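Opening the notebook on this one. I want to look at the sheet, then the ligand site, then one of the pockets.

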Amino acid sequence: MDPQPGRPRRALITGAGIAGPALAHWLGRYGWETVVVERATGVRAGGQNIDVRGAGREVTRRMGLEQAVHDATTGEVGTRFVTADGVTVAEFPAGTSQSGGTTAEVEILREDLANLLVERTRDRTDYVFDDRVVGVRDEGGHVRVALERGAEREVDVVVAADGLHSSTRSLVFGPTATVTPLGLQMAWLTIDRIDTDDQWWRWFNAPGGRVVTLRPDNVGTTRAALSFRDAPAGAEHLSREQQRQLLVDVFAGAGWQSERVLDGVRHSPDFYLEAVAQVHVRQWSRGRVALLGDAAFAPSPVSGMGTSLALVGAYVLAGELASHVHHVDAFRGYERIMRPYVEQAQKLPPGVPWIAHPRTGAGVAALRTALRLASSRVVRRAGDLYSPPADRIDLPGYAHLVA
Ligand SMILES: Cc1cc2nc3c(=O)[nH]c(=O)nc-3n(C[C@H](O)[C@H](O)[C@H](O)COP(=O)(O)OP(=O)(O)OC[C@H]3O[C@@H](n4cnc5c(N)ncnc54)[C@H](O)[C@@H]3O)c2cc1C
């Protein structure tokens, strides 16, 4: 059935991360009414630098956010691989390329970007925190959505942008979505900054497939991460105390600044453990419900593309919804434009993430030799080390749709 003439079309979006508020931004500009339902009691803090690359950056430009994003960057100047003594083995300065490099040209704390997007959309979007969708019923001309706490909503479409473990996706798509673990566990946390912390992303490999990294932020603290292979299955579902103990056991004696980071694990309020994974779904819509961002196509943090995909996906999905009367045509257009871009981003370079997590001392030495060689090229560019396919999409123009 067509939308009723004369009334604004309505969307209910789950997740106030990156994809959800970005979609609300664009739909709002096209005259839609939007409600964003977020499970947490506010915009979630925690996490680290996320990269905005290539077409993702172009979308922030079209949103009028480029300056604000630029002003909030962390100031990371590049990536340094270090030994247990802190000696630099190889360094890759941040490039000026929009897409290349382990350190992207735009590095911003996840919570800063999420806050920025929410703040910019609050006047036109109804944000409902501390709630989640528990029922979705397609009633032909609209969809009726039951929330755990709040009143039912009646909308034209529902978009699940509630992240890697989207419960809205499970509710509507059942087991057809695949969350593929890449065999790596990763813990993120914020620790006190000390005098020797600098503006580099410092990366230390310890034998046993263990990595400790430290990154600068723009709020006077340091962002630490621990990643490791061979974690027990389901470690991310353990209690916080068990997760702490697991990290302490795995990283005991790893060297470099591991003891400092483990001290943070014991005390940090925003410590967060996740199995690194990708999401694959054969079709990103079912009836009037579509998937977006990590809920639809998480490429994993090791791809450096999750945020760019979320921003570009939000732009395309909103544009297609506003371009078509029927949601079926809109979802088809969204999938046709986005799918090739997503597939390229999910295709990780050979050996990733193992190559960066060698098991043996000899493996660590070989990795360092390779990095040293790569960094000593006559023309050294960070993009030579790592260059995700962030530009490989022709962004459609939807400016004519702005209400
Ligand atoms: C706390 C956190 C820290 C992160 N840190 C990093 C990092 O350091 N590096 C990195 O590369 N990527 C990180 N990510 C992932 C990164 O944000 C995404 O890959 C990318 O930006 C795409 O964003 P998204 O909006 O699709 O998903 P997300 O950013 O994951 O946002 C999903 C949102 O949905 C909410 N949500 C979850 N379940 C429900 C539900 N049932 N109902 C309503 N809302 C729900 C979550 O609380 C979250 O706010 C992090 C994600 C989170 C949530």
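**Entry 1: the sheet.** I started with strand β1, residues 10–14, which pairs with β2 in the parallel sense over 5 bridges. To get the register, I checked A11 and found it opposite T34 in β2. A reminder to myself here: this is a predicted model.

Next I asked which order the strands take in the sheet. It runs β7-β2-β1-β11-β18-β17, so β1 sits between β2 and β11 in an open sheet of 6 strands. The pairing is mixed. Then the edges: β7 (125–129) and β17 (285–286) have a single partner strand each, so one side of each has no neighbour in the sheet.

**Entry 2: the ligand.** How many residues surround the ligand? I get 27, and the closest are I18, E38, Q48, S167 and D294. I went through some polar atoms next. E38 puts a polar side-chain atom 2.7 Å from an oxygen atom of the ligand. For A19 the backbone does the job, with an N or O atom 2.8 Å from a ligand oxygen. R39 also uses a backbone N or O atom, this time 3.1 Å from a nitrogen atom of the ligand.

How much of the ligand does the protein cover? I noted 92% of the 920 Å² of accessible area that the ligand has on its own. Then I looked up which elements give two or more residues to the shell: β2 (33–38), β3 (49–52) and α9 (306–323). So β2 turns up again, as the parallel partner of β1 and as part of this shell. The largest share, 3 residues, comes from α9. By class, I have 10 nonpolar, 10 polar and 7 charged residues around the ligand.

**Entry 3: the second largest pocket.** I moved on to the second largest pocket, which holds about 150 Å³ of space. Its lining consists of T190, I191, D192, R260, D263, G264, H267, S268, P269 and D270. Two elements give two or more residues to that lining, β12 (178–192) and α7 (258–267). Which of them gives the largest share? It is α7, with 4 residues.

Last, the classes: I wrote down 2 nonpolar, 4 polar and 4 charged residues for this lining. Among the charged ones I can name D192, R260, D263 and D270, and the nonpolar pair is I191 and P269.

Notes: Residues are numbered from 1 along each chain as its sequence is written. This is a predicted model: local features need pLDDT of at least 70, side-chain atom pairs count only at pLDDT 80 or more; totals for chains, interfaces and linings use all residues. Side-chain values use heavy atoms; hydrogens and water are left out. A residue is near a molecule or strand if one of its heavy atoms lies within 4 Å of it. A polar contact is a pair of N or O atoms within 3.5 Å; within protein, one must be able to donate a hydrogen and the other to accept it, and residues adjacent in sequence count only if both atoms are side-chain atoms. Accessible areas come from the Shrake-Rupley method with a 1.4 Å probe; for residues, only the protein chains shown count as cover. On a 1 Å grid over the protein atoms alone, a cavity is a set of points where a 1.4 Å probe fits but cannot get out, and a pocket is an open set with protein on both sides within 12 Å along at least five of seven lines; lining residues have an atom within 4 Å of a point. Grid points are joined across faces, edges and corners, and a volume is the space filled by probe spheres set on the points. Two strands pair if DSSP finds at least two bridges between them.
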